[in-house]
Number of protein chains: 2
Amino acid sequence: MGKAGDQYSVLPVAKAMQVFAYVASQAHDVTLTEVVQALGMPKTTVFRYLQTLSAAGLFAHDIVQDRYGVGNRFRELARVDALYHSLRSTAEGELDELVDDFRETVNLAVLADHEVVYVDIREATRSQRFQARIGHRHPVHSTSLGKAMAAFLPLEAVERLVRPQFEQRTYRTLTDARTFRRHVEETRKRGFAIETGENEDGVTCIGVPILDGKGYPIAAVSLSAPDTRMRATAERAAGALQDAARRITATLPPISLHTSV
Amino acid sequence: MGKAGDQYSVLPVAKAMQVFAYVASQAHDVTLTEVVQALGMPKTTVFRYLQTLSAAGLFAHDIVQDRYGVGNRFRELARVDALYHSLRSTAEGELDELVDDFRETVNLAVLADHEVVYVDIREATRSQRFQARIGHRHPVHSTSLGKAMAAFLPLEAVERLVRPQFEQRTYRTLTDARTFRRHVEETRKRGFAIETGENEDGVTCIGVPILDGKGYPIAAVSLSAPDTRMRATAERAAGALQDAARRITATLPPISLHTSV
DNA sequence: CAACGAATTTCGTTAAGCGAAACACCGTTG
DNA sequence: CAACGGTGTTTCGCTTAACGAAATTCGTTG
């Protein structure tokens, strides 16, 4: 339990985290003096940390009883993390199998701020020249990942993604709202998304959504390969991706990001 | 989102919590520069916070990829909080009903560090002179709460509670290991615990355990009243407490504190 | 191999975190 | 009713240690 030390540790932060850990692990809401006695820190210091953490929303300060407990913001963060953690850890095995099976690049992504964010990537092939990286973002309209998720969003949510003029990534990129809506609609009926050189010249992608317990698309998996190689395996790929997505859905915790908050 | 401000806020802590919130809400593990760009803080500062939070175990630092993500310690705290939060919020209504029904003091407690810790208390009657307070602790051996939980613990765990000589709280308090084991055994057979003036002169308590999904006693509820008044209602009280405990158990999340870690 | 981007390390400045102590505010007690 | 003990809040100087610019290392890329 090195409280200080680690060369670059910021002491106020480290100590505040001790307070945090203490409060979070108590079954009851705590008082200032209780924390002081438990951790042996000066009263003023603990007071300030409790105030700071409350102001940040991680704690809730019950003014009436003068007690501090874990706050909603913390629970919200924990909920989101639990979902994403579960997503990544159970997706891991599925991604591996897909790579083994198809020897092509496999992507896992979520939707954030109207963009596709890559969460995990398995590269089977050599030239990783133009591959995305974890954390990188691509547009919704030019990726199979984006279209797969959009297709299973409620209509209002889809409309919030629509732009009068989408960014043109390649000469094949769809750029108008009308075409985007049509692609989304086709994807919904088909059950998986196809994107052919719309995001990157010469690269075709098949994407399927990963739905949470409530049927909301929380993420998507895709297989991407050069057009030439993809043509033969597109159908089988779609099936394999859908199977993987279903299995991932099955192990997700029963919480939804869309309903909460 | 008052980042600073609140009179007593400690800036390093407040800013570190921004970093914390950002990292926790991303679906992927993040890099230093990603956080820097997202939050607009100086590189050095963010670096130090990431180091500090990693040292505290709240983050996990993937050295290979140089990425930071939520750590196990955070998840552990979140798990504990979720359980206790659920316990308290669903117990609330039950406690109210018990107080309404019996017009006597009702207690909710957990076991921590070999002691009974009061988590919630409803006082029906006037003289709150000697009532416990939230966060206060009482011995296991002298309370119905403690005996109720001990009775449903595995034997090794019970033995860890045994002392050669227990504290004598009243002239009726059991003080030897032998008697304690006998009480625990009787409580297990009976299904609820009785304590008559062993913790406090003239006060009788009936306690029942609240079991988690795995059958471990995570908490206990008790009804306490003057000996005289309790005699008549003891049987009915035990039944009502057991019903309440069962209902609380049913709504608890499917996590156990005893298996994890 | 040069050049870039990203993470670490150094270092001097100065702001601000710190904690003792004083203060205010109960609820309690004799 | 007044004194008390225990809590939370506020003040106030001291000095520490947080800060961030810049330099450095490291790895990657063209």
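The exercises below concern a predicted model of two protein chains with DNA strands C and D.

Residues are numbered from 1 along each chain as its sequence is written, and chains are lettered from A and ligands numbered from 1 in the order in which they are written. Because the model is predicted, local features need pLDDT of at least 70 and side-chain atom pairs count only at pLDDT 80 or more, while totals for chains, interfaces and linings use all residues; side-chain values use heavy atoms, with hydrogens and water left out.

**Exercise 1.** Determine how chain A is related to chain B.

Solution. Step 1: superpose the copies by least squares on the C-alpha atoms of residues with pLDDT of at least 70 in both. Step 2: read off the operation, a turn of 180° with a shift of 0.0 Å along the axis, which lays chain A on chain B with an RMSD of 0.1 Å. Step 3: the two copies are therefore related as by a two-fold rotation axis. Step 4: locate the axis; the residue of chain A that comes closest to it is A:Val13, at 2.5 Å (C-alpha). Step 5: compare the interfaces; 100% of the interface residues of chain A are also interface residues in chain B, so the copies meet through the same surface.

**Exercise 2.** Describe the protein surface near DNA strand C.

Solution. Step 1: collect the residues with a heavy atom within 4 Å of the strand. There are 19, and the closest are A:Thr45, A:Arg48, A:Tyr49, B:Thr33 and B:Phe47. Step 2: assign them to helices (DSSP runs of H or I, at least four residues, numbered from the N terminus). The largest share, four residues, comes from α3(A). Step 3: sort by class, with Ala, Val, Leu, Ile, Met, Phe, Trp, Tyr, Cys and Pro as nonpolar, Asp, Glu, Lys and Arg as charged, and the others, Gly among them, as polar. The result is 10 nonpolar, five polar and four charged residues. Step 4: list polar contacts, pairs of N or O atoms within 3.5 Å. A polar side-chain atom of A:Tyr8 lies 3.1 Å from a sugar or linking oxygen, the side chain of A:Lys15 has an N or O atom 3.2 Å from a phosphate oxygen, and a polar side-chain atom of B:Lys43 is 3.4 Å from a base nitrogen.

**Exercise 3.** Which residues come nearest to DNA strand D, and what do they touch?

Solution. Step 1: of the 20 residues around the strand, A:Phe47, B:Tyr8, B:Thr45, B:Arg48 and B:Tyr49 come nearest. Step 2: a polar side-chain atom of B:Tyr8 is 3.0 Å from a sugar or linking oxygen, and one of B:Arg48 is 2.6 Å from a base nitrogen. Step 3: of the strand's atoms within 4 Å of the protein, 64% belong to sugar or phosphate and the rest to bases.

**Exercise 4.** Is B:His141 buried or exposed?

Solution. Step 1: apply the limits, buried under 20% relative accessible area, exposed over 50%, partly exposed in between (1.4 Å probe, protein chains only). Step 2: B:His141 has 4% relative accessibility and so counts as buried. Step 3: place B:His141 in the loop between β5 (137–139) and α5 (144–150) of chain B. Step 4: a polar atom of its side chain lies 2.7 Å from the backbone oxygen of B:Glu167.

Notes
Helices (H or I, at least four residues) and strands (E, at least two) are DSSP runs, numbered from the N terminus. A polar contact is a pair of N or O atoms within 3.5 Å; within protein, one must be able to donate a hydrogen and the other to accept it, and residues adjacent in sequence count only if both atoms are side-chain atoms. Contact means heavy atoms within 4.5 Å.
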